[in-house]
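Me: Got a minute to walk through a model with me? I'll put it up here.

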Number of protein chains: 2
Amino acid sequence: MGSIAVVGSVAYDSVETPFGKVTEVLGGAATYFSIAAGYFTDVRLVAAVGNDFRQQDVSLLESRNIDLAGLETLPGKTFRWTGKYGYDLNDCQTLDTQLNVLADFRPNLPEHYRTSEYLFLGNFDPGLQRQVLLQVRQAKLVACDTMNYWIQEHFPALLETLKGVGILLINDAETRQLSREPNLIRAAEKILDWGPQILVVKRGEYGALMFRREAGGGLDIFGAPAYPLADVLDPTGAGDTFAGGFMGYLAGTGRSDRHALRQAVIFGSVMASFTVEGFSLDRLKEVTLTEIEMRYRELQRMTRFEDFAQPREKTLS
Amino acid sequence: MGSIAVVGSVAYDSVETPFGKVTEVLGGAATYFSIAAGYFTDVRLVAAVGNDFRQQDVSLLESRNIDLAGLETLPGKTFRWTGKYGYDLNDCQTLDTQLNVLADFRPNLPEHYRTSEYLFLGNFDPGLQRQVLLQVRQAKLVACDTMNYWIQEHFPALLETLKGVGILLINDAETRQLSREPNLIRAAEKILDWGPQILVVKRGEYGALMFRREAGGGLDIFGAPAYPLADVLDPTGAGDTFAGGFMGYLAGTGRSDRHALRQAVIFGSVMASFTVEGFSLDRLKEVTLTEIEMRYRELQRMTRFEDFAQPREKTLS
């Protein structure tokens, strides 16, 4: 089992959806990632919080075997994000972002983090992502996230970072924007020429697609639906949870072959399905291994189909 | 092998996409359906065209073992549809619709059609759909389509029709509108209480979901991605082609069990993938059985994943 270091945001979120409203609850990409990955392996968190960060939130993270040596408390306030969703939960409106202590945060990994075999670079400045990469030189597998702002404003720096990354995990809009290609296969072909061997495209309620460059140069594609839910309360953190389940499974098993990668996508979907069933980490943090396994098996049943009976012979010439 | 009767539109379409433009080419839901279903079984077409309908188009349909006894030529012009797509090919703009001969068409099935075991009711007036139903009383399996206009303006009539329908095939926006429920599982639960045992939700480039009421009352869900394509030229007819592949496979095999239904969804996806690779029926009509089988197997490879290695035991209590 390999340890995974994750660098990203720890936040206080205020979120409104048609199903409720919460104020200044624990959130942030690195938080969702760590809690999800913690079900599969040991996690080493790198993030900055302000001196308003609550002891109960520290305790939650600690209780999950998440190493907090890299969690710096800086003078000032913790990062704040405020967002709102309508009935179309795919459509999120950011109402307010206050970087606070993240504005000047420069990740400096504790010595024992630097031998991590797995590394996840959250969605932040590509230049800083590269500085983190240089601190974990013998990482076996590096994955990263990014977003529209970095694609648009820091494209050359982002390309430079991608050269050192094995797996890029982004959503479909980001995939199209990054590649400037509306078609996802063409987009994947392009992005996989820039460094990553694997592109995982997160598509929210539509599931995920994984593109992988094969040894022979071909493109291996894996498609998985999202785990279907009757009650989605709050999609915040779904993508970060997906990444945590995905990378956590790979690190936990020490595998990164084709089969393990596909299983990892399913675990990503499964973990994300818990996150969206509650606000903040309410549901995700209560999940049991049995529940995780049950949803994995349900996704297996949901996607299986048999060989076909022959279409008729007589048709056409 | 059971014959399938299909009632719907035969049209001349004018379509513009970022990849080209065609004027007054053969189209219409029943056309796409028939050509796709014709790869699997015998098709009996019911539609009206004007006296401008071209002999070459009659010949194409005839060459596919499609029974044209129910294709009426009425005085006037064939139905015309004009549409435009942007780079987001999910987003279609209808520029013009001219019903022409369809305005007063009342389907009256030839005597030998009335013993068809399979029936597909295209997207038209729910009252007329019911009249067709009454003409094919011993049909083993009836599927139907509908659209926003009928849902909004003829809701009670549509509900009445659904009582006599086994399979409803619609897209996700229609599913939400019909059920007045943003969540697809809840939408499916509701619609499956209205008559159909099966709801197939077509989601374009995101694939399809099938919901099926099980004998015990549970909900069986099947999810399949769309067949991924690097070149999509024109999405027109994709949904109708899906329905044709789906129903054609069921009729061709004479099966409607859980396994066959899942295979039928895959054949629907496969057939639709050919349609969108060309304008009009350019690509669909050239398809070979070998190509169909290849894409079926590719979708199988694309969606398979193995049982998981155990998440760690030690985590949490």
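Me: How many residues does each chain put into the contact?
Reply: The contact takes 38 residues from chain B and 38 residues from chain A, where two residues are in contact if their C-beta atoms, placed from the backbone, lie within 7 Å. Keep in mind that this is a predicted model: local features need pLDDT of at least 70, side-chain atom pairs count only at pLDDT 80 or more, and totals for chains, interfaces and linings use all residues. Residues are numbered from 1 along each chain as its sequence is written, with chains lettered from A and ligands numbered from 1 in the order in which they are written.

Me: And which element gives the largest share of chain B's side?
Reply: H10(B), with five residues. Helices (H or I, at least four residues) and strands (E, at least two) are DSSP runs, numbered from the N terminus.

Me: Switching to chain A: how much of strand E4 is buried?
Reply: Seven of the eight residues in E4(A), residues 43–50, are buried, meaning 20 or more other C-beta atoms lie within 10 Å of a residue's own, with C-beta atoms placed from the backbone.

Me: What does E4(A) pair with over seven bridges?
Reply: Strand E5(A), residues 66–74, in the parallel sense; pairing takes at least two DSSP bridges between the strands. Val46(A) stands opposite Gly70(A) there.

Me: How does the chain get from E4(A) to E5(A)?
Reply: Through helix H2(A), residues 55–62, in a right-handed β-α-β crossover: with the strands pointing away from the viewer, the path from the first strand over the helix to the second runs clockwise.

Me: Which strand is joined to E4(A) by four bridges?
Reply: E1(A), residues 4–7, running parallel to E4(A), and Ile4(A) stands opposite Val43(A).

Technical notes: A residue is buried if 20 or more other C-beta atoms lie within 10 Å of its own, exposed if 12 or fewer, and partly exposed in between; C-beta atoms are placed from the backbone.
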